[in-house]
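Open the model in your viewer and switch to a cartoon view. We will go stop by stop, selecting as we go.

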Amino acid sequence: MPPYKDFKPLTFHDAAKRFADGGDTPRAYLERCLETVAAREPVVKAFTAINKAGARTAADASTARWKAGKPLSPIDGMPLAIKDLLETKDMPTQMGCEAFKGNFPKRDNAAVWALRQAGAIILAKAVTAELGGSHPGATTNPFDTTRTPGGSSSGSAAAVGANMVPAAIGTQVGGSIIRPAAYCGNYALKPTQGAINRGERQATSQSTHGPHANSLRDMWQVAIEIARRAGGDRGEVGLMGPSTLPAAVKPNRLVVLETEGWVEVDDATKAAFDGVLKQLRDAGVELIRREDHPWVEALEKSIANGRAVCGGVTGWENRWGQRGIVDNNPAGVSDRAKATLAKAEAMTLDDYRMALLARENAQRMHATMAPLADAAITLACPGPAPVWVGDVPGQPLAPRPTGDFVFNAPSSMLFAPVVTVPLMSVGGLPIGLQLMGQKHEDARITGLARWFDETLKRVSA
């Protein structure tokens with residue numbers, strides 16, 4: 001398992017430049033990915049299914065299109081992994097849950113359909129934590145097998161971090177795109193709520209789709225190609241922005257958010273984050289913290305219970321569906337998922353209403369912040385991916401085996417776009433930071449992230 005400091009990311013946009021002149025082909029690119037899969041998947045365990053035959057057929061068709069000068073999009077021929085919560089017509093959708101073993105709807109999620117329309121190659125289904133919750137699958141961190149890759153988009157993040165694919169699709173309700181991306185050294189976009197069509201995955205009000213990738217360019221290209229074909233959720237305007245990676249944008253002023261997670265951050269991670277903030281100050285960027293402006297303090301207070309708000313909203317909205325799953329197949333659902341369900345079933349309607357009110361208040365406060373700064377910056381996780389070797393028989397279940405989503409809850413409850421950038425490492429393991437903007441500022445936040453990526457040096461602690 002290569003150390004993170006030696007990581008050379010697999011990207012697609014640079015190879016695609018060679019497809020047009022015959023210097024490379026989508027089929028050859030796919031075969032290189034499959035060689036990496038053969039070498040790394042036995043340990044990383046990122047996938048639940050791999051469709052090699054279908055991928056090769058799609059790669060050959062893409063190769064012919066590029067040779068004819070008629071690619072369907074800039075991601076024509078890109079091998080992708082799809083989180084196993086999303087339906088795929090050619091591979092089962094088992095949701096990391098024994099109760100769904102063998103589930104095979106044989107239809108595509110809206111985003112998957114759009115990717116195929118763009119010529120992308122749907123290579124594999126990526127492991128998800130059970131039902132998109134906190135009970136982990138078999139996936140290991142690509143830089144340390146004893147540690148979690150994060151969740152619930154564990155396989156998506158790990159597959160990209162292991163260079164098995166250049167990009168993958170994850171989903172987030174509380175922290176399931178950004179946290180695993182941060183643990184696995186990915187770039188990732190958690191878009192504005194509703195900006196990418198969720199298809200059949202619209203049971204909860206905070207669920208979003210988003211790409212993991214080894215470069216900002218590939219990340220944005222995947223997202224915008226989906227949006228151009230499938231749009232956003234019903235009644236939503238969908239992801240907006242240029243047809244290629246947005247231009248770099250230097251921020252003038254940034255809000256530094258601590259969130260309720262600040263007290264849980266270790267000293268080394270704080271030192272690494274301070275190293276990034278110092279570079280920003282040296283570049284002339286003004287940084288505002290809670291003690292510097294009453295609006296920042298008000299926003300911090302409004303998101304100070306973010307984990308509980310996200311948990312309450314999502315638990316209530318999921319409870320009837322998950323109760324049906326448990327009643328139909330009680331042995332097919334983990335004790336951890338049953339405990340989450342029990343907590344949700346102990347809620348009252350007024351509890352849910354109060355969580356919605358807290359979320360709405362936080363969103364109003366965040367909107368008020370728009371004139372104050374270009375974006376907010378904060379950590380994407382409290383520190384390096386924690387060690388996870390499994391539950392101990394006879395002991396209480398670990399509360400957060402895939403890591404803590406405390407730094408991700410704010411953007412989820414705010415419906416705000418976030419891009420995570422792998423600009424830090426602690427103890428040789430990646431840690432991401434995240435940039436958060438106002439709703440529908442996905443392209444602008446990506447441009448800010450590009451400036452960070454092109455201007456700032458990575459910090460190790």
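A crossing is called left-handed if the near helix is turned anticlockwise from the far one by less than a right angle. Keep that for the helix pair below. Note too that this model is predicted.

**Stop 1: the annotated span.** Select residues 30-445. An unreviewed UniProt entry annotates this range as "domain: Amidase". The C-alpha atoms at its two ends lie 31 Å apart. Helix makes up 38% of the span and strand 14%.

**Stop 2: helix H5.** Select residues 154-161. How many of the eight residues of H5 are buried? Eight of eight, so the helix is mostly covered, with buried meaning under 20% relative accessible area. Show the side chains: Ser154 and Ser156 are buried, as are Gly155 and Gly161. Ala157, Ala158, Ala159 and Val160 complete the buried set. Now step just past the helix to Asn163, where phi is positive, at about 65°.

**Stop 3: helices H10 and H12.** Select residues 306-328 for H10 and 349-368 for H12. Their axes are 9 Å apart, and the helices pack at an angle of about 135°. That angle makes H10 oblique to H12. Which hand does the crossing of H10 and H12 have? It is left-handed.

**Stop 4: the contact itself.** Show side chains on both helices. From H10, pick Val309, Gly312, Val313, Trp316 and Glu317. They meet Leu349, Tyr352, Ala355, Leu356, Ala358 and Arg359 of H12. Colour this contact by class: eight residues are nonpolar, one is polar and two are charged.

Note on methods:
Residues are numbered from 1 along each chain as its sequence is written. This is a predicted model: local features need pLDDT of at least 70, side-chain atom pairs count only at pLDDT 80 or more; totals for chains, interfaces and linings use all residues. Side-chain values use heavy atoms; hydrogens and water are left out. UniProt positions are given in the numbering used here, feature names are shortened, and annotations may be inferred rather than shown by experiment. Helices (H or I, at least four residues) and strands (E, at least two) are DSSP runs, numbered from the N terminus. Buried means under 20% relative accessible area, exposed over 50%, partly exposed in between (1.4 Å probe, protein chains only). Axes are lines fitted to C-alpha atoms, for helices over the stretch in contact, and angles run from 0 to 180 degrees between N-to-C directions. Angles under 35 degrees count as roughly parallel, over 145 as roughly antiparallel, 65 to 115 as roughly perpendicular and the rest as oblique. Contact means heavy atoms within 4.5 Å. Ala, Val, Leu, Ile, Met, Phe, Trp, Tyr, Cys and Pro count as nonpolar, Asp, Glu, Lys and Arg as charged, and the others, Gly among them, as polar.
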